[in-house]
Amino acid sequence: SCGHSVTQEKDSIFKFQSLCKNSCTRIEEMSGVKNCLKNYRKDFNLFSIALDESTDTKDTAQLAMFVHGVNSAFKTVEEFVQLVPMKGTTTGADILEALLKCTTNMERDLSKLVCVATDGAPAMVGEHKGVVTLLQNHMEGLGITHKIKKN
């Protein structure tokens, strides 16, 4: 049949095709972009973070993190930072741990953090155990005393 011969033809085309060259080139390009963004983020005078926790189709909680920053020339950048699979629970403490790990990897100075935007879930904005409250307490422990705005 026609479908069978087309499939066999496509199989023979792709059977010996090496993906390494293209994949390696793409990985190198992405590494360059990542380093460029990392260097740009270092110039932020102020930044805010947006957090969104949701569950994927396999019932794994995922934490999406975005950053919005501004430099001394008032140039702003908004970018997706990371999607973190959350193992086990998704309490404010769990989300804080993931957030702090991410900000450390981004080499972000928390004294420049001015706002955390969330969906308003208790794990995010709870008065005692929400990630924003826990982050504020963590920052105060580091001697950072300004209040974080929460959206």
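Let's start with a hairpin. Strand 1 and strand 2 form it, with 5 residues between them. In that turn, aspartate 59 has a positive phi of about 60 degrees. One caution before I go on: this is a predicted model.

How do the two strands run? Strand 1 and strand 2 pair in the antiparallel sense, over 10 bridges. To find the register on screen, take leucine 46. Leucine 46 stands opposite valine 70 in strand 2.

Now stay on strand 2 and look to its other partner. Strand 3 covers residues 76-86. Strand 2 and strand 3 pair over 10 bridges, in the antiparallel sense. Here valine 67 stands opposite glutamate 79 in strand 3. These two strands make a hairpin as well, with 5 residues between the strands. Which residue in that hairpin takes a positive phi? Phenylalanine 74 does, near 65 degrees.

How much of strand 2 is covered? Mostly covered is the verdict: of the 10 residues in 61-70, 7 are buried. Phenylalanine 66 sits in this strand too. Its relative accessibility is 37%, so phenylalanine 66 counts as partly exposed. Phenylalanine 66 also belongs to a nonpolar surface patch. Phe80 and Leu83 are the other members, and the patch comes to about 290 Å².

On to helix 5, residues 131-141. Which of its residues are buried? Val131, Val132, Thr133, Leu135, Gln136 and Met139. Note that the list includes Thr133 and Gln136 along with Val131, Val132, Leu135 and Met139.

What do those buried residues pack against? Two helices, for a start: helix 3, at 92-105, and helix 4, at 122-125. Then come the strands. The buried residues of helix 5 pack against strand 1 at 46-55, strand 4 at 113-117 and strand 5 at 149-150. So strand 1 links the two parts of this talk, because the strand that pairs with strand 2 also takes contacts from helix 5.

Just after helix 5 comes one more backbone detail. Glycine 143 takes a positive phi of about 90 degrees.

Last topic: cysteines. How many disulfides does the structure hold? The count is 0. Two cysteines are worth finding on screen. Cysteine 102 has a relative accessible area of 3%, which means it is buried. Cysteine 115 is at 11% relative accessibility, so cysteine 115 counts as buried too. The cut-off behind both calls is under 20% relative accessible area.

That's my tour. Questions, please.

Key. Residues are numbered from 1 along each chain as its sequence is written. This is a predicted model: local features need pLDDT of at least 70, side-chain atom pairs count only at pLDDT 80 or more; totals for chains, interfaces and linings use all residues. Side-chain values use heavy atoms; hydrogens and water are left out. Buried means under 20% relative accessible area, exposed over 50%, partly exposed in between (1.4 Å probe, protein chains only). Helices (H or I, at least four residues) and strands (E, at least two) are DSSP runs, numbered from the N terminus. Contact means heavy atoms within 4.5 Å. Two strands pair if DSSP finds at least two bridges between them. Patches are made of residues with over 30% relative accessible area and no salt bridge: like charges are joined within 9 Å, nonpolar side chains (Val, Leu, Ile, Met, Phe, Trp, Tyr) within 5 Å. Accessible areas come from the Shrake-Rupley method with a 1.4 Å probe; for residues, only the protein chains shown count as cover. A salt bridge is a side-chain nitrogen of Lys or Arg within 4 Å of a carboxyl oxygen of Asp or Glu. A disulfide is a pair of cysteine sulfur atoms within 2.5 Å.
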